[in-house]
Amino acid sequence: MNALDFTVKIDDLHQYELITKNYPEKLLPDQVMLAIEKFSFTSNNITYGVVGEQMNYWKFFPTQPGYGIIPAWGIAHVINSNHPEVKVGQRFYGYYPMSTHLLVTAGKVSNKGFMDITEHRQALPPIYNFYVNIEQDPLFTPRTEGLISIFRPLFVTSFLINEALADQNFYDATQIMVTSASSKTAQALAFLLAHRKKEIGQEFSLVALTSDSNVAFVKNLGWYDQTISYEQISHLTADKKSIIVDFAGNHNLQFKLQTILKEDLIYNCLVGLVDWQNLEGENPLPKEGTFFFAPNQVEKLQKEWGVIKFQQKVGEALLQFISHAQSTISIKKYQGVEQLKQLYTDTLNGKVDPKYGNIVSLNES
Ligand SMILES: NC(=O)c1ccc[n+]([C@@H]2O[C@H](COP(=O)([O-])OP(=O)(O)OC[C@H]3O[C@@H](n4cnc5c(N)ncnc54)[C@H](OP(=O)(O)O)[C@@H]3O)[C@@H](O)[C@H]2O)c1
């Protein structure tokens with residue numbers, strides 16, 4: 001059986017190569033062959049490539065030397081199974097290669113899903129090795145599965161940041177600034193912060209920093225109190241105790257913000273690197289920020305609330321968010337290799353229109 005992988009050159013993400021792989025028809029015990037129906041693709045996937053080496057993202061789906069396969073969240077169905085409890089036709093949500101197929105070895109199978117226990121994935125974080133049986137997960141309905149596929153991995157991070165900030169009483173800040181405010185992860189954070197602010201009567205203003213071309217989109221979301229383009233940053237109020245949540249990773253932007261805020265910057269939370277081609281700059285930064293490490297916060301909340309309550313709370317909040325996002329984000333479908341090449345190149349180069357959520361399928365629909 002032939003499968004197709006979209007591979008990228010590890011030391012130059014602008015170069016990619018399509019590789020055809022041949023799988024034997026006969027599976028080994030517990031092996032399951034999945035046909036990937038669709039996966040979401042956002043700047044987060046580019047970040048997986050940018051930090052692939054440091055964060056081990058290339059190790060999930062190894063390919064030819066010097067190349068890697070960027071992981072993507074999506075949905076696949078079983079087309080062949082040699083595991084007694086995994087049936088042909090079942091659909092699973094999880095971490096997939098940018099490919100037509102994935103061969104896994106199923107373990108720890110339950111009605112909720114299974115783990116891929118393939119040898120090379122065992123040293124990697126288990127959260128990425130679990131495949132959710134979407135029939136058993138109320139989050140997934142035919143109406144929501146596109147937006148859930150796009151937002152679920154991003155929303156969880158925003159949920160964790162919101163809880164981490166609330167734990168610290170928002171550092172008594174009166175201003176929270178969010179860079180790359182139009183990104184999907186930032187949108188989810190702004191939604192959560194705006195709601196938390198109302199619930200607890202906290203007096204901070206939420207400030208969106210975004211590109212000039214995305215100002216109208218960000219304003220229309222309705223979650224931020226103020227929207228400022230990067231060109232207008234000098235208009236920022238400097239005398240407010242401030243938090244930055246940085247999704248952009250742009251060195252010069254950090255430098256400008258730190259120079260304006262000085263001692264009023266009380267917490268600088270580094271989350272994203274969408275502007276990956278501008279991570280370096282001439283001026284040394286006055287202060288290092290704090291890298292947000294999601295697994296620590298997951299562990300803390302799961303200890304406090306229990307795993308089930310944690311999952312319930314994230315799921316409920318995600319559904320609320322999705323019901324709003326439906327009116328601001330349209331799903332855009334990309335079918336086949338040529339369309340994927342275009343989407344990949346555009347996303348790599350920052351040509352991202354925030355009003356679309358991109359879903360790719362390399363298999364014939
Ligand atoms: N640490 C974690 O656990 C974690 C989890 C989830 C996401 N993240 C990170 O959060 C970031 C946002 O991810 P996402 O998937 O939500 O992004 P997204 O929705 O694809 O973001 C699109 C927005 O990012 C900005 N942008 C995109 N590419 C750019 C480029 N090349 N140069 C400059 N600006 C660019 C633009 O926003 P503006 O015009 O508003 O600047 C654009 O509208 C990523 O770096 C992702 O890895 C981290």
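Biologist: What makes strand β13 a partner of strand β14?

Modeller: Keep in mind that this is a predicted model. Five bridges join β13 (residues 242-246) to β14 (residues 265-270), and pairing takes at least two bridges, so the two strands count as paired. They run parallel. In one of those bridges, I244 has N268 in β14 as its partner.

Biologist: Why is the sheet called open, and which strands are its edges?

Modeller: The order is β12-β11-β10-β13-β14-β15, six strands with parallel pairing. β12 (226-229) and β15 (290-291) each pair on one side only, and these are the edge strands.

Biologist: How do you know that helix α3 packs on the sheet, and which strands does α3 touch?

Modeller: Helix α3 (residues 184-200) touches β10 (175-178), β11 (205-210) and β13. Contact here takes C-beta atoms within 7 Å. The direction of α3 makes about 160 degrees with that of β10.

Biologist: On to the ligand. What makes a residue part of the shell, and which ones come nearest?

Modeller: The C-beta atom has to lie within 6 Å of the ligand. There are 27 residues around the ligand, and T42, T47, S183, G272 and G350 come nearest. The elements giving two or more residues are α1 (43-50), α2 (145-167) and α3; α1 has the largest share, with three residues.

Biologist: How do the shell residues divide by type?

Modeller: Eleven are nonpolar, 14 polar and two charged. Gly counts as polar, so G272 and G350 fall in the polar group.

Biologist: Which domains does the shell draw on?

Modeller: Domain 1 (2-137 + 329-361) and domain 2 (153-296) each supply at least three residues.

Definitions and conventions:
Residues numbered from 1 in each chain as written. Predicted model: local features only at pLDDT ≥ 70, side-chain atom pairs only at ≥ 80, totals over all residues. Helix = DSSP H or I, 4+ residues; strand = E, 2+ residues; numbered from the N terminus. Contact = placed C-beta atoms within 7 Å. Axes fitted to C-alpha atoms, helices over the stretch in contact; angles between N-to-C directions. Domains from an automatic or database assignment.
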